[in-house]
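Please look through the sequence and the 3D structure shown here, and then follow the text from one residue outward to the strands around it.

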Amino acid sequence: LYGHRGVGKSSLAATAAYQYQSSDAEPILVSGSPDETFNSIIANIAAQALNRAKTEAVITQTSLSMEFRGLKWSTGQEVSTIDLANQIKTVGDATELLKQVAAKHSKKPAVVLDEFDTIPNQTDRSRFAALLKQMGDQGIGLKFFITGVGESCDELLGAHQSAHRQLATIELQRLPWEARREIVDDALGAFDLNIDDNVNWRIAIISDGFPYYIHLIVEKMLWEAFAAKDAPTTLSWEHFYAGLRVAIE
């Protein structure tokens, strides 16, 4: 999932991952950052796989464990992701480790790799492309949901064009007009509140199609309505300007 910052990539990826993930575990959630590397993210995925939530149906299973390059760890045992990351020497090593994750985490494991573009090293990003290629070739059943700010998938992953065959690439555009207004209507409807139609249009205009700003302004407007001496039934320009001021601040 790629596109401008604030168009809802992270929210969509998380929603999709929870829908795909089988009910015997939670999705694995990791994120890129300026101090993350290919190795550290793969190690984090493996460590999270051991701390997965279990349902009562599988609680009696023997302790979940993994072994890699002489390191063996299990559920409930403190895992040093630094030590594990240092053991990942090649993309093949990462593939082998994720094969264990896929086999032991759950029936349909999902991983959200958010903020992919913040991984600073282009070589590390290219290694992810090679990893996806190897996982696809080996039929490893681990579904990745990757988000990043960029103009294209090529820009994010770089080389290894053959890896793109393993991906369904979705560009998220800014929201169209009616979708912007629906966010407002749905939120206020949960509180049995109405909104002046011109105010709703104004929120749609100044949000510029980014859902984050719609959420922010409406949240602040709701707090203004909550704090009012006389509980309103319709949010007006008064609530809009008060909420907008707080949102800007």
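In this predicted model, Gln21 counts as buried because its relative accessibility is 7%, and buried means under 20%. Along the chain, the place of Gln21 is in the loop that runs between helix α1, residues 9-20, and strand β2, residues 28-31.

What does the side chain of Gln21 reach with its polar atoms? One polar contact, of 2.8 Å, joins the side chain of Gln21 to the side chain of Ser106, while a polar atom of the Gln21 side chain also lies 3.2 Å from the backbone oxygen of Lys108. If the neighbours within four places in sequence are left aside, the residues in contact with Gln21 are Glu26, Pro27, His105, Ser106, Lys108, Pro109 and Ala110. One of these, Ala110, brings us to strand β5, since residues 110-114 make up that strand.

From here the sheet can be followed strand by strand. Strand β5 and strand β2 pair in the parallel sense, over four bridges, and within this pairing Val30 has Leu113 of β5 as its bridge partner. In general, the strands of a sheet pair through backbone hydrogen bonds, and the pairing may be either parallel or antiparallel. In this model, three strands form an open sheet with parallel pairing, in the order β2-β5-β6. The edge strands are β2 and β6, the latter spanning residues 143-146, and each of them pairs on one side only. From one strand to the next, the twist averages 20°.

How values were computed
Residues numbered from 1 in each chain as written. Predicted model: local features only at pLDDT ≥ 70, side-chain atom pairs only at ≥ 80, totals over all residues. Heavy atoms only, no water. Helix = DSSP H or I, 4+ residues; strand = E, 2+ residues; numbered from the N terminus. Buried < 20%, exposed > 50% of the residue type's maximum accessible area, 1.4 Å probe, protein only. Polar contact = N/O pair within 3.5 Å; in protein donor to acceptor, adjacent residues only side chain to side chain. Contact = heavy atoms within 4.5 Å. Pairing = 2+ DSSP bridges. Axes fitted to C-alpha atoms, helices over the stretch in contact; angles between N-to-C directions.
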